[in-house]
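Please open the model in a viewer and keep a selection panel at hand. The tour below proceeds by selections, each followed by an account of what is found there.

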Amino acid sequence: MLADIIRQNVSADVWQWMEERTVSFTTAQFNTAFALLPRKTGKAIVRFTDEQDRSLQSARPGFVIRGWTIDRLARVWLLLQLDASEKESYFQTIENLFPAAEMQELVALYSALPVLAYPEMWTKRCAEGIRSNIGDVLQAIMCNNPYPSENLSEAAWNQLVLKAFFTEKPIHQINGLDKRCNAELAGVLSDYAHERWAAGRPVNPQLWRCAGKFINEKNFPDIERIAFSENAVEREAAALACWDSNYSPAKDLLNQNKELKAAIETGELTWQTVAGKATLVHP
């Protein structure tokens with residue numbers, strides 16, 4: 001599928017060059033091809049059909065290439081041509097690309113994690129990537145990438161989500177966010193919100209998406225605070241958090257706002273609609 005899409009986006013000569021690089025290559029030749037790809041393919045945004053997108057989603061749910069450049073996709077395809085039959089050799093060939101990789105090479109490497117063999121072998125590398133300060137690299141790991149939610153430990157996952165808020169990434173593009181929410185994360189994010197409030201700084205209303213299932217006596221005052229905010233987006237976030245909660249006071253709070261409750265019931269108000277509005281609101 002990726003080959004079909006790439007052929008649509010490069011010249012016949014470039015595709016022939018790419019194919020030739022996957023026939024009986026040494027590790028050094030592979031590394032050279034990986035580095036040279038952008039010079040051959042260019043860096044235009046990939047074009048593909050809705051049908052191709054659906055096929056990709058069927059083959060690998062959560063693997064989204066929309067907005068990718070052709071060199072990024074070509075590098076992921078090239079990685080998929082490696083022989084995975086020898087586990088250690090396969091791992092070392094890819095692992096050795098990371099230390100000297102430039103930014104766009106790192107973006108491609110982290111983008112490939114969902115389709116590499118032996119997913120359990122890349123958890124340490126993924127967790128290390130979360131510590132990066134390079135915005136494009138972080139986005140490749142955090143957004144529209146199913147690998148982290150499927151493979152990271154709770155501690156590493158929580159660090160990813162916190163870092164996503166801290167670096168103002170599009171939270172709604174984090175795969176598996178609702179599924180991987182946990183009490184520890186809810187507590188950490190509540191503390192983070194308190195720090196920002198104390199400093200008079202804005203808080204992303206989507207932060208409370210991770211708290212709904214874990215609303216309790218300790219953090220309920222946070223929900224009450226945003227439920228009575230002057231900002232409509234914060235009030236919507238509070239209603240959605242209460243909707244997800246089994247905590248009786250939270251349910252009672254939601255029942256006080258029949259309009260927002262009705263909007264949730266009809267599907268008019270969701271976390272996606274909140275994400276489509278102002279990302280940051282001031283306290």
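The stops run from the whole chain to individual helices, side chains, loops and a pocket.

**The whole chain**

Begin with the full chain, which is a predicted model. A cartoon view shows 18 helices and 0 strands. Along the principal axes, the C-alpha atoms fill a box of roughly 65 × 35 × 30 Å. Colouring by accessibility marks 49% of the 283 residues as buried. Among contacts with a separation of 6 or more, 72% join residues 24 or more positions apart.

**Helix α2 and Trp-15**

Select Trp-15, which is placed in helix α2 (residues 12-20). Is Trp-15 buried or exposed? Its relative accessibility is 8%, and Trp-15 therefore counts as buried, the limit being under 20%. Display the residues in contact with Trp-15 beyond four places in sequence: Ala-3, Ile-6, Arg-7, Val-10 and Trp-77. Then draw a distance from Trp-15 to Lys-40; the two C-alpha atoms are 9.1 Å apart, while the residues are 25 apart in sequence.

**Helix α5 and Arg-75**

Move next to Arg-75 in helix α5, a helix that covers residues 70-79. With a relative accessible area of 2%, Arg-75 is buried. What lies 2.8 Å from a polar atom of the Arg-75 side chain? The partner is the backbone oxygen of Phe-34. Phe-34 also appears among the contacts of Arg-75 beyond four places in sequence, together with Ala-35, Leu-37, Pro-38, Glu-102, Gln-104, Glu-105 and Ala-108.

**Helix α6**

Select residues 87-95, which form helix α6, and show the side chains of its buried residues: Tyr-90, Phe-91, Thr-93, Ile-94 and Glu-95. Against which elements do these residues pack? Adding α3 (27-41), α5, α7 and α8 to the display shows the elements against which the buried residues of α6 pack.

**The largest pocket**

Turn on a surface or pocket display and locate the largest pocket, with a volume of about 340 Å³. To centre the view, select Trp-68, Arg-72, Val-107, Gln-139 and Ala-140, the closest to the pocket centre of the 22 lining residues. Three elements each give two or more residues to the lining: α5, α7 (103-112) and α9 (135-142). Colouring the lining by class gives 9 nonpolar, 8 polar and 5 charged residues.

**Two loop residues with positive phi**

Two loops come next. Select Tyr-118, in the loop between α7 and α8 (123-130). Phi of Tyr-118 is near 55°, a positive value in a residue other than glycine. Tyr-118 is partly exposed, with a relative accessible area of 22%.

Continue to Glu-168, in the loop between α11 (154-166) and α12 (177-180). Although Glu-168 is not a glycine, its phi is positive, at about 60°. Glu-168 is exposed, and its relative accessible area is 52%.

**Arg-209 and its polar contact**

Proceed to Arg-209, in the loop between α13 (183-198) and α14. This arginine counts as buried, at 12% relative accessibility. Which side chain makes a polar contact with the side chain of Arg-209? The side chain of Asp-178 does so, at 2.8 Å. Asp-178 is one of the residues in contact with Arg-209 beyond four places in sequence; the others are His-172, Leu-177, Cys-181, Trp-271 and Gln-272.

**Helix α15**

The last stop is helix α15, residues 232-244. Start at its N-terminal end, where Asn-231 acts as a cap: a side-chain oxygen of Asn-231 lies 2.8 Å from the backbone nitrogen of Val-233. Next, draw a distance between the end C-alpha atoms of α15. They are 19 Å apart, which agrees with the 18 Å that 13 residues should span at 1.5 Å a residue.

Which residues of α15 are buried? They are Val-233, Glu-234, Glu-236, Ala-237, Ala-238, Ala-239, Leu-240, Ala-241 and Cys-242. To see what covers these buried residues, add the surrounding helices, including α14 (220-227), α16 (248-255), α17 (258-265) and α18 (271-275). With α18 displayed, Trp-271 and Gln-272 can be selected again as contacts of Arg-209.

Conventions. Residues numbered from 1 in each chain as written. Predicted model: local features only at pLDDT ≥ 70, side-chain atom pairs only at ≥ 80, totals over all residues. Heavy atoms only, no water. 1 Å grid on protein atoms, 1.4 Å probe; cavity = no way out; pocket = protein on both sides within 12 Å on 5 of 7 lines; lining within 4 Å. Points joined across faces, edges and corners; volume = space filled by probe spheres on them. Helix = DSSP H or I, 4+ residues; strand = E, 2+ residues; numbered from the N terminus. Nonpolar A, V, L, I, M, F, W, Y, C, P; charged D, E, K, R; others polar. Expected span 1.5 Å × (residues − 1). Buried < 20%, exposed > 50% of the residue type's maximum accessible area, 1.4 Å probe, protein only. Contact = heavy atoms within 4.5 Å. Polar contact = N/O pair within 3.5 Å; in protein donor to acceptor, adjacent residues only side chain to side chain.
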